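Reader: I have the model open on my screen. Please take me through it in short steps.

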Amino acid sequence: MIYNRCVLVYRAITERILLHRNTTVRMNALERIVSNNAAAETMLQALKEELKAIQDEKASRRVEELRVENAALKQQIENARKKLIELETQNGVKQIPVPGLLSDVTTPVAAVKAEPVQQTVAEVEQQGNENKPPKEKKAKKEKPKVETKPSGGEEEPPVDAGRLDMRVGKIVEVSRHPDADSLYLEKIDCGEAAPRTVISGLVKFVPIEEMQNRMVVVLCNLKPAKMRGILSEAMVMCASSPDKVEILAPPEGSVPGDLVHVEGFPRAPDAVMNPKKKIFETVAPDLHTNELLVACYKTGSFHVPGKGVVKAQTLKNVNVK
């Protein structure tokens, strides 16, 4: 009997010891979990603060970059404005200062466009006719004034690629010339009210299916000329070797009517180039593609501002015609 009681007491004590141990282990585990959780919270808060600092620093850096870009763009605009004013002044455009409109209020802005030369001539001739009855000598005195127009006399721009009116065009219609097997008859949208009729000798070099809807560079101020009975109003610019011809490609994103500039030679195109002055014939020998396939005049590349350069497909270091 005593033995049984002793066994029961021993078992009870053992169970209490085990229960105490388990409770202690559980408490220790719980304390570790609470401690780890606090450490994780602390680390998470530190990471949040570090991330916020990085974001703030990145935002500040981006703001500074945008300020620098903005300043550079302002400088480019200012340089372009000054160059435009200089060119317009050379071409007789009246300049009117507009205080407060630009950063440099003392610099005049071009506010009056130059009237076409043909209108000026017509007005002078009309004035001459009105003044002719009183004195014929007076009409003769007015003639020298007509010759002071920008296209003649000392103020005429230099003969270079700036005199060429090159624009981006899109071939909207193409067919074979009815009277010439080697010629295409094209309608090209140059951003004007109506497409221009253009005749090109490209039948041997470019399949007709590659002509339709193609973007091209068009020389628009050649004097229109008849080719096999049809008036051609412009010329498609191409890279040309003795056995191959490639149509020059405007940069991606170009649209009909975009102006093609030549680096280093400000645009000052004649309305229509006078054949007697042989402007294109003088410029043509220096038109070529370079090692990178870019169309150039001397060392200045053909480009559409903000969109890129004009290039050939494969022909490098060849003439552009």
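Reader: S4 and S5 form a hairpin; which residue in the turn has a positive phi?
Author: This is a predicted model: local features need pLDDT (the predictor's confidence in each residue, from 0 to 100) of at least 70, side-chain atom pairs count only at pLDDT 80 or more, and totals for chains, interfaces and linings use all residues. Residues are numbered from 1 along each chain as its sequence is written, and side-chain values use heavy atoms, with hydrogens and water left out. Strands are DSSP runs of E with at least two residues, helices are runs of H or I with at least four, and both are numbered from the N terminus. Six residues lie between S4 and S5, and the one in the turn with a phi of about 80° is Gly-191.

Reader: In S5, which residue is the bridge partner of Leu-185?
Author: S4 and S5 run antiparallel and share five bridges. Two strands count as paired if DSSP finds at least two bridges between them. Across from Leu-185, the partner in S5 is Ile-199.

Reader: How many residues of S5 are buried?
Author: Buried means under 20% relative accessible area, exposed over 50%, and partly exposed in between (1.4 Å probe, protein chains only). In a regular strand, side chains alternate between the two faces of the sheet. Here Arg-196, Val-198 and Ser-200 point one way, Thr-197 and Ile-199 point the other way, and all are buried. S5 is therefore largely enclosed by the rest of the structure, with a buried count of five of the five.

Reader: Which strands stand at the edges, each with a single partner strand?
Author: The open sheet has five strands in the order S5-S4-S3-S6-S9, paired antiparallel. Two of them have one partner strand each, so one side of each is left without a neighbour in the sheet: S5 (196–200) and S9 (235–236).

Reader: Which residue in S4 stands opposite Glu-173?
Author: S3 covers residues 166–176 and S4 covers residues 184–189. They pair antiparallel over six bridges. Opposite Glu-173 stands Lys-187.

Reader: Which residue stands opposite Glu-246 in S11?
Author: S10 (residues 238–241) and S11 (residues 244–247) run antiparallel, joined by four bridges. A hairpin of two residues links S10 to S11. Glu-246 counts as buried because its relative accessibility is 6%. The residue opposite Glu-246 is Ala-239.

Reader: Between which strands does the loop with Ala-312 lie?
Author: Ala-312 is buried, at 6% relative accessible area. Contact means heavy atoms within 4.5 Å. Leaving aside neighbours within four places in sequence, the contacts of Ala-312 include Ala-239, Glu-246 and Leu-293. The loop lies between S16 (308–309) and S17 (319–320).

Reader: What distance separates the C-alpha atoms of Ala-312 and Pro-250?
Author: Along the chain, Ala-312 and Pro-250 are 62 residues apart. In space, their C-alpha atoms are separated by 9.1 Å.

Reader: How many disulfides are found in the whole structure?
Author: A disulfide is a pair of cysteine sulfur atoms within 2.5 Å. The cysteine sulfur closest to that of Cys-220 belongs to Cys-190, but at 4.2 Å it is too far for a bond. Cys-220 is buried at 5% relative accessibility, and Cys-296 is buried with a relative accessible area of 4%. The search of the whole structure gives a count of zero.

Reader: How far does H1 reach from its first C-alpha to its last?
Author: H1 spans residues 2–90, with 89 residues. The expected span is 1.5 Å times one less than the number of residues, here 132 Å. Its buried residues are Glu-78, Arg-81, Ile-85 and Glu-88. The reach in the model is close to expectation, at 130 Å.

Reader: What percentage of the 321 residues in the protein chain is buried?
Author: The chain has five helices and 17 strands. Among contacts with a separation of 6 or more, 60% join residues 24 or more positions apart. The buried share of the 321 residues is 29%.

Reader: What pLDDT does the protein chain average?
Author: Of the residues, 81% score at least 70. Residues 102–122 are below 50, with 35 contacts in the model beyond near neighbours in sequence. Where pLDDT is low, the predicted coordinates should not be read in detail. The chain's average is 83.
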